[in-house]
Amino acid sequence: MSNVPTVVKTRAGHALVAVFHGEMDYLTGPMFRTEFLSLLDSGDRFVVLDVAGVPFCDSAGLNALLAAHRHAKEIGAELVLAALPEQLRQLLRITGVDEIIDIYDSAQEAAAAADG
């Protein structure tokens, strides 16, 4: 297991898409949070976090997502999630975060929403 998350950034229409890999836990949560906030501060108004490569998320990872969502609202940007693994989808459902952050089945679907 690598404790260093990775991100690959691409553009899809009007959206900045960031594909993440790595576990979002107490060790990596601060790194994810820093990366999420950096993406939002890039100036893009629609940011897609593709988390298909995130096999595990605990409360530290959840807090990183919520902090990023709050920051997006503060700066007038939209932050959405795409391609959630089942464990993360269940965590967001149980905690109610799926009612706060928009979730798409794929990054392409999310990017299309930015263009729509």
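**Exercise 1. State whether Phe32 is buried or exposed, and identify its aromatic partners.**

Solution. In this predicted model, Phe32 has a relative accessible area of 1%. The cut-off for a buried residue is under 20%, so Phe32 is buried.

Step two takes the rings. A pair of aromatic rings is described by the distance of the centres and the angle of the planes. The search of the whole structure returns three aromatic pairs. In one of them, Phe20 and Phe32 lie 5.5 Å centre to centre with 40° between the planes, a tilted arrangement. This pair links distant parts of the chain, since Phe20 sits in strand β2 and Phe32 in helix α1, twelve residues apart. Phe20 is buried as well, its relative accessible area being 1%.

Phe32 also pairs with Phe36: the ring centres are 5.7 Å apart and the planes meet at 50°, so this pair too is tilted. Planes under 30 degrees apart would count as stacked and over 60 as edge-to-face.

**Exercise 2. Work out what separates Phe32 and Phe36 along helix α1, and which aromatic cluster they belong to.**

Solution. The two residues are four apart in helix α1, and therefore about one helical turn lies between them. Both Phe32 and Phe36 are buried. Together with Phe20 they make up one aromatic cluster.

**Exercise 3. Describe helix α1: its span, its buried side and its packing partners.**

Solution. Begin with the span. Helix α1 covers residues 29–40, twelve in number, and reaches 17 Å from its first C-alpha to its last. At 1.5 Å a residue, 16 Å is expected, and the value found is close to that.

Next, list the buried residues of α1: Gly29, Phe32, Phe36, Leu39 and Leu40. Because they cover an arc of only 100° around the axis, they fall on the same side of α1. Pro30 and Thr34, on the other side of α1, are exposed.

Last, find what the buried residues of α1 pack against. The partners are the strands β1 (6–12), β2 (15–21), β3 (46–53) and β4 (78–82), and the helix α2 (59–75).

**Exercise 4. Determine how many residues the largest nonpolar core has, and which elements supply it.**

Solution. The largest nonpolar core has 28 residues. Phe20, Phe36, Leu49, Leu65 and Leu92 have the most contacts inside this core. At least two residues come from each of β2, α1, β3, α2, β4 and α3 (86–95). Helix α2 gives the most, with six residues.

A second, separate core has ten residues, including Val17, Ala82, Tyr104 and Ala111.

As a check on one member of the largest core, take Leu49. Leaving out residues up to four places away in sequence, Leu49 touches Ala18, Phe20, Phe36, Leu39, Leu65, Leu79, Val80, Leu81 and Ala82. As background, nonpolar side chains in soluble globular proteins tend to be buried together.

**Exercise 5. Summarise the fold pattern and the overall dimensions of the protein chain.**

Solution. Count the elements: the protein chain has four helices and five strands. Their order along the sequence is β-β-α-β-α-β-α-β-α.

Then compare the radius of gyration with the globule rule. The value is 13 Å, close to the 13 Å given by the rule for 116 residues, so the protein chain is as compact as a globular protein of that length. The C-alpha trace spans about 35 × 25 × 25 Å along its principal axes.

Two percentages complete the solution. Buried residues account for 46% of the 116 residues. Of the contacts between residues at least 6 apart in sequence, 68% join residues at least 24 apart.

Terms used: Residues are numbered from 1 along each chain as its sequence is written. This is a predicted model: local features need pLDDT of at least 70, side-chain atom pairs count only at pLDDT 80 or more; totals for chains, interfaces and linings use all residues. Side-chain values use heavy atoms; hydrogens and water are left out. The expected span of a helix is 1.5 Å times one less than its number of residues. Buried means under 20% relative accessible area, exposed over 50%, partly exposed in between (1.4 Å probe, protein chains only). The arc is that of the directions from the helix axis to the C-beta atoms. Contact means heavy atoms within 4.5 Å. Rings of Phe, Tyr and Trp (its six-membered ring) pair if their centres lie within 6.5 Å; planes under 30 degrees apart count as stacked, over 60 as edge-to-face and the rest as tilted. A nonpolar core is a set of buried Ala, Val, Leu, Ile, Met, Phe, Trp, Tyr and Cys residues joined through side-chain atoms within 4.5 Å. The radius of gyration is taken over C-alpha atoms; the globule rule is 2.2 Å times the number of residues to the power 0.38.
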